[in-house]
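Reader: I would like a close look at one part of this model, with the rest brought in where it helps. Short sentences, please.

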Amino acid sequence: MIFFGRRGGPARMVLAIVAVGVLGLLTFVVYNLNHRLDNQQQVNVTSIGVSQDIVDVNDKLTGQLQQLTELTHTAQTALDSTEALGPLLTKLDEAITPAAAMLAQGTSGAQMTNEQLQNIQSILGEVQNTVLPLVSSAEAFGAQGRDLLAIVQGLVSDLEGSVAAAQTINQMLPLPG
């Protein structure tokens, strides 16, 4: 190739300078790309770490929401069961009031009929059946729920014992007339 009138002289020099310039430009581009890729890699690693933290917080919140949902369901069940106790306790009060009045008047005429005792016992059975679902609810509410459950179960147990004792006494007494 002839450049500037001589074979190979200045042309080689120009080509060599151009080649060195292109290599320098490519080196700069590769170095710059490598530096930017390193920065992007660091950003990606940081982003993945932050994303994992967000996923962990989301999982924790989902777990707490599940617990809250279960607790709400337990509370609703407890409220429903407690609400069902109201009419039963009223019915029990109505059944026990005549017996209490007879006992308050003295021992004469204090004999209760077996029908009255069976009525009281059946109401106590209904109360007991209504209280049983409250056991799991009471456990979910901790000490306060367990205390309330213990009081209600003790009341039912005491009343059942009183009815059984009254039936035994009633069977031992002579029939009127």
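How much area does the protein expose, and what share of it do carbon and sulfur atoms supply? Then take me through helix H1 (9–105) and what is found along it.

Author: This is a predicted model. The protein exposes about 13,200 Å². Carbon and sulfur atoms supply 63% of that area.

Some context comes before the helix. The protein has four helices and two strands. Along the sequence the pattern reads β-β-α-α-α-α. Buried residues make up 17% of the 177 residues. Of the contacts with a separation of 6 or more, 68% join residues 24 or more positions apart.

Now helix H1, starting with its lower residue numbers. The UniProt annotation "transmembrane region", from an unreviewed entry, covers residues 12–33. In the model, that span is 100% helix and 0% strand. Its end C-alpha atoms lie 31 Å apart.

A nonpolar surface patch comes next. Val14, Val18, Val22, Leu23 and Leu26 form it. Together these residues have about 430 Å² of accessible area. Take Leu26, which is found in helix H1. Leu26 has a relative accessible area of 49%, so it counts as partly exposed. The cut-off matters here: exposed means over 50%.

In general terms, nonpolar side chains in soluble globular proteins tend to be buried together. The UniProt record, for its part, places the "transmembrane region" annotation on residues 12–33.

Further along is Asp80, also a residue of helix H1. Asp80 is partly exposed, because its relative accessibility is 42%, and partly exposed runs between the 20% and 50% limits. Asp80 and Thr130 are 50 residues apart in sequence. In space, their C-alpha atoms are 9.7 Å apart.

Then comes the core. The largest nonpolar core has 13 residues. Those with the most contacts inside it are Leu92, Ile120, Ile123, Leu124, Val127 and Val131. Helix H1 (9–105), helix H2 (114–131) and helix H4 (142–172) each give two or more residues to this core. Helix H2 gives the most, with five.

Look at Leu92 for the detail. Leaving out residues up to four places away in sequence, Leu92 touches Ile120, Ile123, Leu124 and Leu159. Ile120, Ile123 and Leu124 are, like Leu92, among the residues with the most contacts inside the core.

To recap helix H1: Leu26 belongs to the nonpolar surface patch. Asp80 is partly exposed. Leu92 is one of the residues with the most contacts inside the largest nonpolar core.

How values were computed: Residues are numbered from 1 along each chain as its sequence is written. This is a predicted model: local features need pLDDT of at least 70, side-chain atom pairs count only at pLDDT 80 or more; totals for chains, interfaces and linings use all residues. Side-chain values use heavy atoms; hydrogens and water are left out. A nonpolar core is a set of buried Ala, Val, Leu, Ile, Met, Phe, Trp, Tyr and Cys residues joined through side-chain atoms within 4.5 Å. Buried means under 20% relative accessible area, exposed over 50%, partly exposed in between (1.4 Å probe, protein chains only). Contact means heavy atoms within 4.5 Å. Patches are made of residues with over 30% relative accessible area and no salt bridge: like charges are joined within 9 Å, nonpolar side chains (Val, Leu, Ile, Met, Phe, Trp, Tyr) within 5 Å. Accessible areas come from the Shrake-Rupley method with a 1.4 Å probe; for residues, only the protein chains shown count as cover. A salt bridge is a side-chain nitrogen of Lys or Arg within 4 Å of a carboxyl oxygen of Asp or Glu. UniProt positions are given in the numbering used here, feature names are shortened, and annotations may be inferred rather than shown by experiment.
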